[in-house]
Amino acid sequence: MKPRELCERAWEEIANNFLDFKATKKGQNLKKVSKSKDITFEISFQSNRYNYSSSVRFSVHFLIQSKLMKKANINNGLVYGGELENIIDRGRIFRWFEIGGASYQSSVNEIIELLQKHIIPICDDFEDTEANIEKLLNTKVKSPSLFYYIYFFAGKEKAEQYFNKFINEDKLKSKYRGLYHSLEKLPKESIDVNVSEFLGADMIKFAYLNGIKMD
């Protein structure tokens, strides 16, 4: 079986365990729309470009987008997302799952288990925006992109809570603080939120321009 065919076989087997998601591209993309019709959840698989007969690998990604946020030009509609291992936050930032040879079934089973344990609960949480935002404010921060989600759906006060929580818990907090205070010396019209010098820099700029205070 060719590497691509083996990947498609694995993706279809995984997709069959998540029938609430619509599968496209022979199972490579799985999409589900929230009850509100605004939020889209997407699980996708990326095959390794170096796959060959003895080694076939792919990675798993997850993405949440909002139509209303995109329409309002807030973070291009991006709510949350990333590579599976990074979302699970077990110390690794990326992982290729091996499905060649004897590894096939164990890897497929593991992916199904990880998605059921970690991704489906996230989808469920996002069905109730108010409760979800309160949960995000009271747990370990996950992503700068969630700041925009909270700002758009819950307003400035709660966004400010998340903003400062994120900064205080992140290893780049000194860098974030330095950027924020440097912005205070610039004309607002010269600040470009579409340019991100480092991860999270665009969030700092957006926060500053929208009156979000730093503790």
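1. Of the 215 residues in the chain, 43% count as buried. The model is a predicted one, and the points below should be read with that in mind. The secondary structure amounts to nine helices and six strands. Taken along the principal axes, the C-alpha atoms fill a box of roughly 60 × 35 × 30 Å.

2. On the surface and the contacts of the whole chain: about 11900 Å² is exposed, and carbon and sulfur atoms supply 48% of that area. Counting contacts between residues at least 6 apart in sequence, 52% join residues at least 24 apart.

3. The largest nonpolar core has 65 residues. Phe58, Phe147 and Phe163 are the residues with the most contacts inside this core. Helix 4 gives the most to the core, with nine residues. As a general background, nonpolar side chains in soluble globular proteins tend to be buried together.

4. Leu115 has its place in helix 4. Is Leu115 buried or exposed? Leu115 counts as buried because its relative accessibility is 1%, which is under the 20% cut-off. Not counting residues up to four places away in sequence, Leu115 touches Ile14, Phe18, Ile43, Val60, Leu84, Ile120 and Pro121. Arg4 is a different matter: Leu115 and Arg4 are 111 residues apart in sequence and 22 Å apart in space, C-alpha to C-alpha.

5. Ser107 is also found in helix 4. With a relative accessible area of 9%, Ser107 is buried. When residues up to four places away in sequence are not counted, Ser107 touches Glu98 and Ile99. Between Ser107 and Ala10 there are 9.1 Å in space, C-alpha to C-alpha, while the two are 97 residues apart in sequence.

6. Ala15 lies in helix 1, which covers residues 3-15. The relative accessible area of Ala15 is 8%, so Ala15 is buried. Leaving aside neighbours within four places in sequence, Ala15 is in contact with Ala23 and Leu30. A further pair to check is Ala15 and Gln28: they are 13 residues apart along the chain, and their C-alpha atoms are separated by 8.5 Å.

7. The loop between helix 2 and strand 5 deserves a look at its backbone. Asn73 lies in this loop, and its phi is near 60 degrees, a positive value in a residue other than glycine. Most residues other than glycine have a negative phi. Asn73 is exposed, its relative accessible area being 64%.

8. Asn76 is found in the loop between helix 2 (67-71) and strand 5. What is the phi of Asn76? The phi of Asn76 is near 55 degrees, again a positive value in a residue other than glycine. Asn76 counts as exposed because its relative accessibility is 54%, and the cut-off for exposed is over 50%. Asn76 and Ser66 are 10 residues apart in sequence, with 8.7 Å between their C-alpha atoms.

9. The largest pocket holds about 830 Å³ of space. Its lining is made up of 23 residues. Which residues lie nearest the centre of the largest pocket? They are Asn86, Asp89, Val141, Lys142 and Asp170.

10. Strand 5 (78-83), helix 3 (84-88), helix 4 (104-125) and helix 7 (156-169) are the elements that give two or more residues to the lining of the largest pocket. The largest share of that lining, three residues, comes from helix 3. Helix 4 therefore appears in two places in this note, since helix 4 gives the most to the largest nonpolar core and also lines the largest pocket, where a lining residue has an atom within 4 Å of a pocket point.

11. By class, the lining of the largest pocket has 11 nonpolar, five polar and seven charged residues. Among the residues nearest the pocket centre are Asp89, Lys142 and Asp170, and Asp and Lys count as charged. Val141 is also one of the residues nearest the centre, and Val counts as nonpolar.

Notes: Residues numbered from 1 in each chain as written. Predicted model: local features only at pLDDT ≥ 70, side-chain atom pairs only at ≥ 80, totals over all residues. Heavy atoms only, no water. 1 Å grid on protein atoms, 1.4 Å probe; cavity = no way out; pocket = protein on both sides within 12 Å on 5 of 7 lines; lining within 4 Å. Points joined across faces, edges and corners; volume = space filled by probe spheres on them. Helix = DSSP H or I, 4+ residues; strand = E, 2+ residues; numbered from the N terminus. Buried < 20%, exposed > 50% of the residue type's maximum accessible area, 1.4 Å probe, protein only. Contact = heavy atoms within 4.5 Å. Areas by Shrake-Rupley, 256 points an atom, 1.4 Å probe, with all protein chains shown as cover. Core = buried A, V, L, I, M, F, W, Y, C linked by side-chain atoms within 4.5 Å.
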